[in-house]
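Let's take a walk through this model, stopping at helix packing, charge pairs and a few backbone oddities. Keep the 3D view open as you read.

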Amino acid sequence: MKQTKIVLSDKEIPTKWYNIMADMPNLPKPPLHPGTKQPVGPKDLSPIFPMALIEQEVSRERWIDIPEEVLDIYSLWRPSPLFRAHRLEAVLKTPAKIYYKYEGVSPAGSHKPNTSIPQAFYNKKAGIKRIATETGAGQWGSAMALAGKLFGLDVTVYMVKVSYSQKPYRRIMMETWGATVHASPSTMTNSGRKILEMDPDSSGSLGIAISEAVEDAASRSDTNYALGSVLNHVCLHQTVIGLEAKKQLELAGDYPDIVIGCCGGGSNLAGVSFPFLYDKIHGKNLRIMAVEPTSCPTLTKGEFRYDFGDVAGLTPLMTMYTLGHDFMPSGIHAGGLRYHGDSPLVSQLYHDKLIEAKAYHQTAVFEAAMMFANTESIIPAPESSHAIRAAIDEALLCREEGKQKTILFNLSGHGYLDLQAYADYKEGKLMDHEHPEEEIKKSLAKLPKI
């Protein structure tokens, strides 16, 4: 069976990012200062972000130029390929056409360098010497370490402790590119020490790691903070994915009925879907689906409220679907999806019913990952496999209904450094976990009263 691979030339890398805030029917409410509860201004953010990123965070311009220096580095792996999954379609016996945009071709093996590169560029230009950041499964930390090396920035990464133990090769990748990596919660910050006093055996969370990184950045004048998801400018940078995919599908003479992305903080989903959401907002009939784990069901069971982005309450309050900033998810292998809240942009779009959401147990997700690996030959990251599960289920529904639909999903990274997860699945060690409703209610009860 001949493979369909749609590749653009180097000259077709997007030269502008798409800013969905120019077209959203309703914009998120403004972020609030964690102390005063008043809307945050540029002065509040300038201690940890360069002004160029602050401007992108609040911009309403539809198109924002990608700097030449960023494009030069993007060209190392962009445009990324779009594949049609003929073999998977054949196994499923579906009339659906399944396409996947493959972001695992980046040097770090995921979509994350699409934003780590511009973030490093703008920080370097602003005279910053060092970046403090967090990482869940290690994809973002790896991408930031790579970007730091390319732009001559020191990088310190606070890695969620359960992933630090589960995924040692991610840590080694970061250290190979010169980053310093701490298991979070750590003894390096007040935030980390406080958590360890309360729970010496804490397995950590992205919320805790963010607290540590923000505290680190705020304590040094030569250091800024970088976030790999959630924020508006991060979602903006990722739109190169969807912009390329639209061109590639046009070359194939096709257009999606359904666009699917896994969703933790929301940047991967935003990257593949926002350029298509432009069409939906302007009348096109298509579905956008966010897929999350049942153990961290932010969109499907969270509340649309103001909440902190971290455990310690150091970040601005943002309107998001949240499970509560001190929510502690189970240690599933899809560490990049273990975040208590979602991007304000993704959350607003979901609230306005422009996006739908679905949650899966991890054994069903790994079943789909194995099927994909054995048909399309790529071993997918656990996070990306959530999108694969949803794509397979949609394709099976097409078979049942006898309908031909076009499905596009973002294969946001490969799983070659996640093979322990596959070993655990094959040995029957993976447990499904659905967070108890009572625990979610307890966490939500502690949300700030705004």
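Is K16 buried, partly exposed or exposed? This is a predicted model, and in it K16 has a relative accessibility of 35%, so it counts as partly exposed. K16 has a partner, too: it forms a salt bridge with D65, with 2.4 Å between the closest N and O atoms. Since K16 sits in strand β2 and D65 in strand β3, the pair ties together parts that are 49 residues apart in sequence.

Those two strands turn up again around helix α2. In this helix L53, I54, Q56 and E57 are buried. They span an arc of only 160° around the axis, so they are on the same side of α2. What covers them? The cover includes β2 and β3, along with α1 (42-45), α5 and α11 (232-238).

Now pick out α5 from that group. Helix α2 (residues 51-58) packs against helix α5 (residues 113-125) at an angle of about 130°, and the two axes are 8 Å apart. That angle is why α2 counts as oblique to α5. On the α2 side the contact is made by A52, L53 and Q56, and on the α5 side by Q119, Y122 and N123. Sorted by type, the residues of this contact come out as three nonpolar, three polar and no charged. L53 and Q56, then, belong both to this contact and to the buried set of α2.

For another helix pair, go to α9 (residues 190-198) and α10 (residues 206-218). Their axes come within 7 Å and cross at roughly 145°. From α9, N190, S191, G192 and I195 meet I208, S211, E212 and E215 of α10. Here the split is two nonpolar, four polar and two charged. Just ahead of α9, in the loop that connects β8 (180-184) to it, lies P185. The peptide bond from S184 to P185 is cis, with omega near 10°.

There's another cis bond to look at, from R78 to P79, with omega near -5°. P79 is in the loop between α3 (68-74) and β4 (82-84). R78 also brings us back to charges, as it is linked with K101, E103 and E244 in a network of salt bridges.

How many salt bridges does the whole structure hold? A full search finds 20. Side chains of opposite charge can pair when their charged atoms come close. One example is R171 with E175, at 3.2 Å from N to O. These two are four residues apart in helix α8 (residues 168-176), so about one helical turn separates them. E175 is partly exposed, given its 36% relative accessibility. K429 and E427 form a salt bridge as well, at 3.0 Å from N to O.

For a contrast in exposure, look at T298 in helix α14 (residues 298-301). Its relative accessibility is 1%, so it counts as buried. Beyond its neighbours within four places in sequence, T298 is in contact with E292, Y321, T322, L323, Y339, H340, G341 and D342.

Last stop: two residues other than glycine with positive phi. K353 has phi near 65° and is in the loop between α15 (344-351) and β14 (356-360). At 70% relative accessibility, K353 counts as exposed. S377 has phi near 80° and is in the loop between α16 (362-376) and α17 (382-401). S377 is exposed too, with 58% relative accessibility.

Methods: Residues numbered from 1 in each chain as written. Heavy atoms only, no water. Axes fitted to C-alpha atoms, helices over the stretch in contact; angles between N-to-C directions. Parallel < 35°, antiparallel > 145°, perpendicular 65-115°, else oblique. Contact = heavy atoms within 4.5 Å. Nonpolar A, V, L, I, M, F, W, Y, C, P; charged D, E, K, R; others polar. Buried < 20%, exposed > 50% of the residue type's maximum accessible area, 1.4 Å probe, protein only. Arc of directions from axis to C-beta. Salt bridge = Lys/Arg side-chain N within 4 Å of Asp/Glu carboxyl O.
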